Amino acid sequence: MPMYEYHCNKCNETFEEIASAEEKVACPSCGSLDTERLLSACACHTGSSAGSGSSSCSSCSSGGCSGCSGGHCSSCGH
């Protein structure tokens, strides 16, 4: 399952969770189910037919994204 970034509308916490796309995720800080999945800044893709179709974005060009653990990220290529 993929890792998604979420925002809690109750306590304003932002967190990451491994979950299916349809699954409701509870906030680890307050337990609220009033959470929403955020668009990952690392999933930058263009419609370009040249190359892989991926584009370098500001969070990836700095050496990684929040989904990277300091290694190589398959999403952003860094």
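The structure, a predicted model, holds two aromatic pairs. Rings of Phe, Tyr and Trp (its six-membered ring) pair if their centres lie within 6.5 Å; planes under 30 degrees apart count as stacked, over 60 as edge-to-face and the rest as tilted. The ring centres of Tyr-4 and Tyr-6 are 6.4 Å apart and the planes stand at 75 degrees, so this pair is edge-to-face. Tyr-6 also pairs with Phe-15. Here the rings are stacked, with 5.7 Å from centre to centre and 20 degrees between the planes. Tyr-4, Tyr-6 and Phe-15 thus belong to one aromatic cluster. Arg-37 lies over the face of Tyr-4, 4.4 Å from the ring centre. For such a placement, NZ of Lys or CZ of Arg must be within 6 Å of the ring centre and within 35 degrees of the ring normal.

Two members of the cluster are buried (under 20% relative accessible area; exposed is over 50%, partly exposed in between; 1.4 Å probe, protein chains only). Tyr-6 has a relative accessible area of 3%, and Phe-15 has 7%. Across the protein, buried residues make up 24% of the 78 residues. Tyr-6 and Phe-15 also belong to the largest nonpolar core, together with Cys-8, Ala-19, Val-25 and Cys-27. That core has six residues. A nonpolar core is a set of buried Ala, Val, Leu, Ile, Met, Phe, Trp, Tyr and Cys residues joined through side-chain atoms within 4.5 Å.

Val-25 touches Tyr-6, Phe-15 and Ala-19 of this core. Its contacts (heavy atoms within 4.5 Å) also include Glu-17, Ser-32, Leu-33 and Thr-35, not counting residues up to four places away in sequence. Of the contacts in the protein with a separation of 6 or more, 24% join residues 24 or more positions apart.

The protein has one helix and three strands. These are DSSP runs, numbered from the N terminus: helices are H or I of at least four residues, strands E of at least two. From the N terminus on, the order is β-β-β-α. Strands pair if DSSP finds at least two bridges between them. Strand E1 (residues 3-8) pairs with strand E2 (residues 14-18) in the antiparallel sense over five bridges. His-7 stands opposite Thr-14 in E2. The hairpin of E1 and E2 has five residues between the strands, and Asn-12 takes a positive phi near 70 degrees there.

E1 also pairs with strand E3 (residues 35-37), again in the antiparallel sense, over three bridges. Arg-37 in E3 is the bridge partner of Tyr-6. The three strands form an open sheet in the order E2-E1-E3, with antiparallel pairing. E2 and E3 are the edge strands, each pairing on one side only. The twist averages 35 degrees from one strand to the next. Axes here are lines fitted to C-alpha atoms, for helices over the stretch in contact, and angles run from 0 to 180 degrees between N-to-C directions.

Residues are numbered from 1 along each chain as its sequence is written, and side-chain values use heavy atoms, with hydrogens and water left out. In this predicted model, local features need pLDDT of at least 70 and side-chain atom pairs count only at pLDDT 80 or more, while totals for chains, interfaces and linings use all residues.
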